[in-house]
Amino acid sequence: MTDKEWPLYEVFIRAKAGLSHRHAGSVHAADDQMALENARDTYTRRMEGVSIWVVPSERIVASDPTETSAFFEPAEDKIYRHPTFYDIPDGVENL
Amino acid sequence: MYTQGLDQKGQTAPKRDGIEDPAKLEAFQTRVDDEEKIEAKDWMPEAYRRTLVRQISQHAHSEIIGMQPEGNWLTRAPSLKRKAILLAKVQDEAGHGLYLYSAAETLGVSRNQMVADLLSGKAKYSSIFNYPTLTWADIGAVGWLVDGAAIMNQIPLCRCSYGPYARAMVRVCKEESFHQRQGFDIMHELSRGTDAQKAMAQDALDRWWWPSLMMFGPGDAESKHSAQSMAWKIKRFSNDELRQKFVDVTVPQAEFLGLRVPDDDLRLNKETGHYDFGEIDWQEFFEVLAGNGPCNRQRLETRNKAQDDGAWVREAARIYAEKQAAKAAA
């Protein structure tokens, strides 16, 4: 097969108003409009969505999994950012 | 199952990989043992990647080729209702193929490469789709038995260690259940119909029963890659375990339909609580897998023709996109 491959798009779907878009998978398409329509036909045949985003896969900037621990390390030792860090004296309410 | 090609003996042994860091291999296995999911860009052993690429792409090819036996009846479905349902089902199979190609692409293989391997006959797909659908009852039998067997295999795959594959399988399984029920519904209607309709249902069961059991692949003693796939949690149950489960749930359904499973050795074993069943004709299985089934050549020819006939459409879409982009840039 000698066809040039159509670009790959990542597909994000909002299941219903009030929820965020969530990654569903990917589709190939010649252009943006076709990517939307292919995403609709592939990922929402049963009313799984009310809104679709498609993004050219090459435009996604991702953190490096081999650097995961270093990348997220700054948050690791800051347990005081969580409410459970604090002892509430007996008798204090609504806190 | 849809990836029986992986299970064959006599295949070339997995290629030796360059030396992989034992510490990395061990850390990887620990993650898998702890039921952590492996994601696309994570480090993974080359053999794990290769196994997944082959398994997921074979699975995708099976979905795509699987559209043909059913597509055969689209224009001859007995009612508008049945036609609409069958259209939806065949469209789902295309969707399943696309979810799976998309999952395989996360491992670094291109869509074009996978499609090329299917078209050239290099890649395998499930043996089951090389059998013909001769009557309308075959559409019932395919949904009930073939999709039923597929569900048995695919539900554990929803927990596969590779995240993108597992997520694709969750989607597939939700839809597969509709496929199986619509098939059973066809069989149910025929089995309550005229003598001729009932005979047609029985004939379909007679022809599809054994090929459906073969879908699970060779017996455990013969299955080559199983142990490693189990250790990697790509596979959760052995071929024989899944086959037994399928027989156990399907036989009572056949009884409900008043149809006879074509196996003289089939009987409920009171001690084990499972059905004992007869010997599978493995010679037939390997022949079909090797390309000598009733429809192998036709399936690939049809697929190649569809690819060739669509070439001008893909070309036109690409040129249109380039023109639009140029116009927007100007």
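Two strands count as paired if DSSP finds at least two bridges between them. This tour of a predicted model starts from such a pair.

**First selection: the sheet of chain A**

Select Tyr9(A) and then Val27(A), its bridge partner in strand S2(A). Next take Glu10(A), whose bridge partner in S2(A) is Ser26(A). Both pairs belong to a longer ladder: strand S1, residues 8-14 of chain A, is joined to S2(A) by 7 bridges, and the two strands run antiparallel. In general, strands of a sheet pair through backbone hydrogen bonds, either parallel or antiparallel.

Follow the chain from S1(A) into S2(A), and the connection proves to be a hairpin with 6 residues between the strands. Within this turn, select Gly18(A), which has a positive phi of about 105°.

Now widen the selection to the whole sheet. It is open, contains 3 strands in the order S2-S1-S3 and pairs in antiparallel fashion. Strand S2 (21-28) and strand S3 (51-56) of chain A stand at the edges; each has a single partner strand, so one side of each lacks a neighbour in the sheet. On average, neighbouring strands here are turned by 25° against each other, direction ignored.

**Second selection: confidence in chain A**

Colour chain A by pLDDT. The average is 92, and 97% of the residues score at least 70. Among the elements of this chain, S3(A) has the highest mean, 98, whereas helix H2 (residues 68-72) of chain A has the lowest, 90.

**Third selection: Arg171(B)**

Move to Arg171(B), located in helix H7 of chain B, residues 163-191. Which residues does Arg171(B) touch, not counting those up to four places away in sequence? They are Ala24(A), Tyr43(A) and Tyr99(B). Select Gly95(B) as well: Gly95(B) and Arg171(B) are 76 residues apart along the chain, and their C-alpha atoms are separated by 9.8 Å. For the complex, the predictor gives an ipTM of 0.86 and a pTM of 0.91.

**Fourth selection: the cavity**

The structure holds 1 cavity of 30 Å³ or more, with a volume of about 70 Å³. To display the lining, select Tyr2(B), Ser62(B), Glu63(B), Gly66(B), Glu70(B), Lys89(B), Glu93(B), Phe129(B), Val142(B), Val146(B) and Asp147(B). By class, this lining has 4 nonpolar, 2 polar and 5 charged residues.

Show the helices around the lining next. Helix H2 (46-65), helix H4 (80-105) and helix H6 (136-157) of chain B each supply at least two lining residues. The largest share, 3 residues, comes from H6(B).

**Final selection: confidence in chain B**

Colour chain B by pLDDT as well. Its mean is 93, and 95% of its residues reach 70 or more. Then select residues 9-14 of chain B, where the pLDDT is below 50; beyond near neighbours in sequence, this stretch has 12 contacts in the model. Where pLDDT is low, the predicted coordinates should not be read in detail.

Definitions and conventions. Residues are numbered from 1 along each chain as its sequence is written. Chains are lettered from A and ligands numbered from 1 in the order in which they are written. This is a predicted model: local features need pLDDT of at least 70, side-chain atom pairs count only at pLDDT 80 or more; totals for chains, interfaces and linings use all residues. Side-chain values use heavy atoms; hydrogens and water are left out. Helices (H or I, at least four residues) and strands (E, at least two) are DSSP runs, numbered from the N terminus. Axes are lines fitted to C-alpha atoms, for helices over the stretch in contact, and angles run from 0 to 180 degrees between N-to-C directions. On a 1 Å grid over the protein atoms alone, a cavity is a set of points where a 1.4 Å probe fits but cannot get out, and a pocket is an open set with protein on both sides within 12 Å along at least five of seven lines; lining residues have an atom within 4 Å of a point. Grid points are joined across faces, edges and corners, and a volume is the space filled by probe spheres set on the points. Ala, Val, Leu, Ile, Met, Phe, Trp, Tyr, Cys and Pro count as nonpolar, Asp, Glu, Lys and Arg as charged, and the others, Gly among them, as polar. pLDDT is the predictor's confidence in each residue, from 0 to 100. Contact means heavy atoms within 4.5 Å.
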